[in-house]
Amino acid sequence: MYRTHNCGELRKENVGQTVTLSGWVSTSRDFGGLTFIDLRDRYGITQLVFDTETNKGLGEKAQTLGREYVIKVTGIVRERSSKNANRLTGDVEIDVKELDILNVSKTPPFTIDDNTDGGDDLRMKYRYLDLRRNPVQQNIIFRSNITIETRKHLSGEGFIEVETPFLIKSTPEGARDFVVPSRMNPGTFYALPQSPQTFKQLLMVGGLDKYFQIVKCFRDEDLRADRQPEFTQIDCEMAFITQEDILNTFEGLTKHLFKSVLNIELPSFPRMTYDEAMSKYGSDKPDLRFGMEFINVKEAVSGKDFAIFDQAESVIGICAKSCEANFSNKDMKELTEWLQRPQIGAKGLVYIKFGAEGIKSTVGKFYSDEDLLAIGKLFGAEQGDMLLILSGELEKTQKQLSELRLEMGRRLGLLKDGDFKPLWVVDFPLLEWDEDSQRFYAMHHPFTSPKKSDIEKMKSGDRATLTSLRADAYDLVINGSEIGGGSIRIFDKELQSKNFDLLGFTKEEADIQFGFLMNAFEFGAPPHGGIAFGLDRLCAVMSGSNSIRDFIAFPKNNQGRDVMIEAPAAIDKAQLKELGLELGNI
C-alpha cells in the first residue's frame with residue numbers, strides 16, 4: 001500500500017493514528033537533530049518530521065532527500081506545536097518511522113511552488129513539472145468540473161453525446177485548415193475540422209434531435225492569449241426549435257455551470273441587437289461591468305470652425321465619471337499616445353474636463369464654456385467627470401473608442417473580479433463585404449439562416465440591401481468575451497443554394513465542397529439550429545484569467561509550437577516518399 005491518506009487529508013482528529021503517505025518532496029529544512037519535510041501531492045501538503053536522536057539512520061536518510069524526490073513514509077500523526085493557519089493540514093505533522101525512496105529527481109529547472117521563478121518558455125518546456133504546481137492543477141481541475149457539469153446538465157435535458165470525425169474534407173472558407181496527406185489515396189488530403197458544423201447538421205437530418213459533444217477543433221491562424229491552434233468546444237445542435245428555444249436552453253446551461261462550479265446565481269441574461277451593441281459600445285462583445293456608453297455628438301460639435309470635427313464622418317465620445325482630477329496633462333498625453341499606437345491607430349484625442357476650478361479642454365479655443373457645457377449635458381456629465389472624444393470614419397472610430405473605453409475601465413478599476421455580466425447579442429448581419437476581394441463573406445458561416453423577413457431581399461443585386469440582411473444568429477458574451485456563438489441553420493436546399501450564390505460560390509464549387517449536405521436536404525431535413533461554447537475561454541472567464549492557455553494541460557506557444565515535445569517537426573524521407581510528397585526550398 002502506497003498510502004492510507006493523501007497529503008491534504010489529515011486533521012486534529014487523526015492525531016495518534018499510524019498513517020502512510022506518498023508524494024513529492026516540496027521543501028526540506030534541517031535543524032540539527034530534526035529534519036522537516038513538506039510532502040506534496042495533488043491534494044495538499046503535509047509536514048513530516050524526522051528525529052535523528054531517536055532514529056539516527058532514518059534522520060540521515062531524510063537529509064539525503066532532494067527536491068521532487070518521490071517518497072513513501074509511515075508514521076504517527078501528532079499535533080504541531082507551531083501551527084500553520086495557511087494550510088489545511090497545518091494543525092498536524094507526521095512523526096516518521098519508515099521512509100522509502102520510490103524515485104530520485106534531478107534538481108528542477110524552476111521552483112515547484114505557487115509563485116515560481118520559472119518564465120513562460122521554461123515552464124512550457126517542462127510542462128510536466130509545471131503541472132505539479134497547485135495553481136496549474138487547480139485550473140485543470142476547474143476545467144474538469146466544467147466538463148463534468150456540462151455533461152450532467154445536457155444529458156438531463158435529453159441531449160445525446162455523439163463523436164464526429166477528425167479526418168474530413170477541406171473547405172476554403174474561414175480560417176486556414178490543418179491538412180493531413182492520405183497515404184492510401186495519393187495526392188489527396190484530409191483536413192482537421194475547424195468545427196463539426198456540417199456533421200452536427202447531418203445528425204439532425206438523421207433524426208437524433210438533440211446532440212452535444214465536447215470536441216477538439218483546429219484552426220491554422222495567428223495566435224494570441226485567447227487563441228490556440230487546437231481548442232475545445234461544447235458543441236450542440238437541436239431540431240424543431242426556434243432561436244428562443246436555443247437561447248433559453250443554453251442560458252440554462254450557463255446558469256447551471258456558474259451555480260454548480262462557482263456557487264454564483266446569475267440573473268436572466270439581457271439581450272441586445274448587434275446594431276445596438278455597435279452603436280453603444282463599438283463592439284459586438286461589450287463588457288457590461290461598467291457604463292461609458294457611446295454618445296454621438298457629431299451634430300452638437302459641428303459648425304464651430306473646428307475642421308477635424310466638421311469634416312469627420314462621425315464624432316463619438318464617452319464620459320468617465322469622477323476621475324478628471326486623477327488625470328494630469330502628462331497623463332492625458334500618455335493616454336493620447338496610447339491611442340495613437342499602430343494597434344489602435346487613432347489620430348488624436350479630444351477631452352473635456354469638468355473640474356472644480358472650471359472647464360478645461362483641448363478644443364477650448366473653438367468652443368465656449370457654454371458650448372462645452374451643452375456637449376457635457378448630452379453625456380449627463382457632472383463636476384469631476386471627463387469626456388473623451390474621437391472622430392473619423394464610423395467603423396474605425398467605433399473600434400478605437402471601444403478600445404479606449406476598455407482601457408479606461410482598467411485604469412479606473414471598473415473591471416471587478418467575480419463580477420459577471422452575461423448578455424445575448426442577436427440579429428447579426430448575414431453577410432459582410434470585403435473590399436480587398438470585392439465579395440461577400442458569411443459573418444458566421446454559410447449555413448446560417450437569414451431572418452424570414454429578409455429572405456426576399458436576398459434576390460437583390462444591390463450591395464447596400466445585401467449588407468442590411470440580418471441573420472438568426474446569436475452570441476453569448478460574458479465580461480467582454482465571446483463565450484459561444486450559433487445560429488438557426490438553413491434547411492432548405494434552394495435557400496442554401498441562394499446563400500452560396502451570394503458568397504460567390506459557383507454551382508460546381510458548392511457541389512464539390514458541400515454536395516453531401518445539399519443532398520441530405522433533399523431527404524426531409526428538419527428545422528434546426530445550434531451553438532458552440534469555447535470551453536477553454538469559458539474556463540478562463542469564469543476564473544478571471546486572461547489566457548486560455550492556463551486551462552489547457554499541454555498548450556502551444558505563440559508560434560504554435562509545443563516546445564516540450566518539439567512539435568511541429570520534420571519527418572524523414574521515407575515517410576515523405578510513402579506519402580508521395582516532396583519538399584521544395586523552405
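Ser314 stands opposite Gly392 in strand 16, and I would like to start from that pair, since strand 13, residues 314-320, is joined to strand 16 by seven bridges, the two running antiparallel. Helices and strands here are DSSP runs, H or I over at least four residues for a helix and E over at least two for a strand, numbered from the N terminus, and two strands are said to pair if DSSP finds at least two bridges between them. Before going on, let me say that this is a predicted model, in which local features need pLDDT of at least 70 and side-chain atom pairs count only at pLDDT 80 or more, while totals for chains, interfaces and linings use all residues. Residues are numbered from 1 along each chain as its sequence is written, and side-chain values use heavy atoms, with hydrogens and water left out.

Staying with strand 16, residues 386-392, its other partner to mention is strand 14, residues 350-355, and these two pair in the antiparallel sense over four bridges. Within that pairing Ile352 stands opposite Leu387, and Val350 stands opposite Ile389. How covered is strand 16? Six of its seven residues are buried, where buried means under 20% relative accessible area, exposed over 50%, and partly exposed in between, with a 1.4 Å probe and protein chains only.

These strands belong to an open sheet of five, in the order 12-13-16-14-15, with antiparallel pairing. Strand 12 (295-296) and strand 15 (358-361) stand at the edges with a single partner strand each, so one side of each is left without a neighbour in the sheet. Helix 10 packs on this sheet, touching strand 14 and strand 16, and its direction makes about 30° with that of strand 16; angles run from 0 to 180 degrees between N-to-C directions, the axes being lines fitted to C-alpha atoms, for helices over the stretch in contact. Helix 11, residues 369-379, lies across strands 12, 13, 14, 15 and 16, and runs at about 95° to strand 14.

Moving along the chain, we come to helix 12, residues 394-411, which has 18 residues and reaches 25 Å from its first C-alpha to its last, close to the 26 Å expected at 1.5 Å a residue, the expected span being 1.5 Å times one less than the number of residues. Its buried residues include Gln398, Leu401, Leu404, Arg405 and Met408, and what covers the buried residues of helix 12 includes helix 7 (274-281), strand 13, helix 10 (329-339) and strand 16. Just after helix 12, Gly413 takes a positive phi of about 70°.

Let me turn now to the N-terminal part. Here a closed barrel of five strands runs 1-2-3-5-4, with mixed pairing, and neighbouring strands of this sheet are turned by 55° against each other on average, direction ignored. Strand 1, residues 18-31, pairs with strand 4, residues 70-79, in the antiparallel sense over seven bridges, with Leu21 opposite Val73. Seven bridges also join strand 1 to strand 2, residues 34-41, again running antiparallel, and Ser28 has Ile37 as its bridge partner in strand 2. Strands 1 and 2 form a hairpin with two residues between them, and Gly32 in the turn has a positive phi of about 65°. Where does the parallel sense come in? Strand 3, residues 44-51, and strand 5, residues 92-103, pair in that sense over two bridges, with Val49 opposite Asp95.

One polar residue deserves a pause. Asp130, in helix 3, residues 127-130, counts as buried because its relative accessibility is 0%. Its side chain makes a polar contact with the side chain of Arg133 at 2.8 Å, a polar contact being a pair of N or O atoms within 3.5 Å where, within protein, one must be able to donate a hydrogen and the other to accept it, and where residues adjacent in sequence count only if both atoms are side-chain atoms. Leaving aside neighbours within four places in sequence, Asp130 is in contact, meaning heavy atoms within 4.5 Å, with Phe110, Arg123 and Val136.

Last, the nonpolar cores, by which I mean sets of buried Ala, Val, Leu, Ile, Met, Phe, Trp, Tyr and Cys residues joined through side-chain atoms within 4.5 Å. Of the 37 residues in the largest one, Phe250, Trp424 and Phe533 touch the most other members. Apart from that core lies another of 31 residues, among them Leu466, Leu469, Ala471 and Ala473. For the protein as a whole, 46% of its 586 residues count as buried.
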